[in-house]
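Me: Could you take a close look at one part of this model for me? I would like a connected account of the loops beside one helix, and of what they touch.

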Amino acid sequence: DDGYRCHERDWQKVDQATAFMQEHKDDGRPFFLYVSTGLVHAAFHTNQYWLSRIPEEKVDIPALDENDHPVREYQLMAKAWRYGFDEDTVRQVRRIYMAMCAEADAMVGAVYDAMQELGLGEETYFVFSSDHGEMAMEHQDWYKMTLYEGSVRVPLIMVGPEIRPRQRVSNLVSLIDL
C-alpha cells in the first residue's frame with residue numbers, strides 16, 4: 001500500500017464502518033453509523049505518501065500577527081509552542097497538517113464509496129462535520145481553543161435524499177443543527 005494508511009488505527013475505523021454497512025445493508029432496518037477519527041489532531045505526523053501530495057512551494061505562510069493582547073499571549077504560553085515561527089517551521093507544520101487533512105479526506109471518501117458500492121446511497125444521509133478547526137500557525141498559534149476563524153469554523157457537508165446537490169448555504173450553522 002506504499003504508506004497509504006499512515007494512521008492505521010483510524011483506517012481500522014473505516015474498515016469497521018464498511019463492515020457494519022455490509023452487515024446491515026440488507027436487513028431493511030434504518031441504521032445510524034458514527035465514524036470519528038483522531039485525525040486531524042496534534043501531535044502532527046504523517047508519512048512521505050501523504051506529504052508528497054502537498055507541494056512545499058504551495059504552502060502559504062500566514063502574515064505575522066502584531067496583536068499583543070494579553071489573552072493571546074497567555075494562549076501561546078499555555079499551549080507551550082516552543083519551536084519558533086520562522087518560515088521553514090511554519091511551512092513544515094502547515095504542510096504536515098495539510099497532508100493529514102488529505103489522509104482524513106481519503107478516509108471520508110472510503111466510507112462514502114463503500115456506502116455507494118453497497119447500494120445504500122439512494123436512501124442514506126451522509127454527513128461530514130468536525131468539532132473544531134485548527135489554527136495551523138495562523139496568528140502564530142496552533143491547535144484549537146481560540147475564537148479565530150481557523151479554530152471555530154468547521155465544515156458541515158451533507159448528501160442524501162431530497163438534499164439538492166451542490167447547494168451552498170451561506171447562513172451560519174452549528175453542530176446543534178444536526
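Reply: Happy to: here is a walk through the loop between H3 and H4, its partners, and then the packing of H4 itself. Please keep in mind that this is a predicted model.

Let's begin with Lys 79, which sits in the loop between helix H3 (70–78) and H4. Is Lys 79 buried or exposed? Its relative accessible area is 11%, so Lys 79 is buried, the cut-off being under 20%. Its side chain makes a polar contact of 3.0 Å with the side chain of Asp 141. Setting aside residues up to four places away in sequence, Lys 79 touches Asp 141, Trp 142, Tyr 143, Lys 144, Met 145 and Thr 146.

Now follow the H3–H4 loop on to Trp 81, which lies in it. The structure holds ten aromatic pairs. In one of them, the ring centres of Trp 81 and Tyr 83 are 4.9 Å apart and the planes stand at 75°, so this pair is edge-to-face. The two partners differ in their surroundings: Trp 81, at 18% relative accessibility, counts as buried, whereas Tyr 83, at 52%, is exposed. Trp 81 also pairs with Trp 142, and here the geometry is tilted, with 5.4 Å from centre to centre and 55° between the planes. Where does Trp 142 lie? Trp 142 belongs to the loop between strand S1 (126–129) and helix H5 (149–152), so its pairing with Trp 81 ties together parts that are 61 residues apart in sequence. Both Trp 81 and Trp 142 are buried.

That brings us to the S1–H5 loop, where Thr 146 is also found. With a relative accessible area of 6%, Thr 146 is buried. Which residues does Thr 146 contact, leaving aside its neighbours within four places in sequence? They are Gln 75, Lys 79, Met 135, Asp 141, Ser 151 and Val 152. Lys 79 and Asp 141, joined by their side-chain polar contact, are thus both partners of Thr 146.

From Thr 146 we can step to Ser 151, in helix H5. Ser 151 counts as buried too, at 5% relative accessibility. A polar atom of the Ser 151 side chain lies 3.3 Å from the backbone oxygen of Thr 146. Beyond residues up to four places away in sequence, Ser 151 touches His 132, Gly 133, Glu 134, Met 135, Lys 144, Met 145 and Thr 146. Met 135 is therefore in contact with Thr 146 as well as with Ser 151. As for Asp 141, its C-alpha is 9.9 Å from that of Ser 151, and ten residues separate the two in sequence.

Finally, a look at H4 beyond the loop. Helix H1 (residues 8–24) and helix H4 (residues 87–117) have axes that come within 9 Å and cross at roughly 10°. This makes H1 roughly parallel to H4. On the H1 side, the contact is made by Asp 10, Trp 11, Val 14, Ala 17, Thr 18 and Met 21; on the H4 side, by Glu 103, Ala 106, Met 107, Ala 110, Val 111, Ala 114 and Met 115. Sorted by class, these are ten nonpolar, one polar and two charged residues. One of the H1 residues, Trp 11, also takes part in an aromatic cluster with Tyr 4, Tyr 49 and Trp 50.

Terms used. Residues numbered from 1 in each chain as written. Predicted model: local features only at pLDDT ≥ 70, side-chain atom pairs only at ≥ 80, totals over all residues. Heavy atoms only, no water. Axes fitted to C-alpha atoms, helices over the stretch in contact; angles between N-to-C directions. Helix = DSSP H or I, 4+ residues; strand = E, 2+ residues; numbered from the N terminus. Parallel < 35°, antiparallel > 145°, perpendicular 65-115°, else oblique. Contact = heavy atoms within 4.5 Å. Nonpolar A, V, L, I, M, F, W, Y, C, P; charged D, E, K, R; others polar. Buried < 20%, exposed > 50% of the residue type's maximum accessible area, 1.4 Å probe, protein only. Polar contact = N/O pair within 3.5 Å; in protein donor to acceptor, adjacent residues only side chain to side chain. Phe/Tyr/Trp six-rings, centres within 6.5 Å; stacked < 30°, edge-to-face > 60°.
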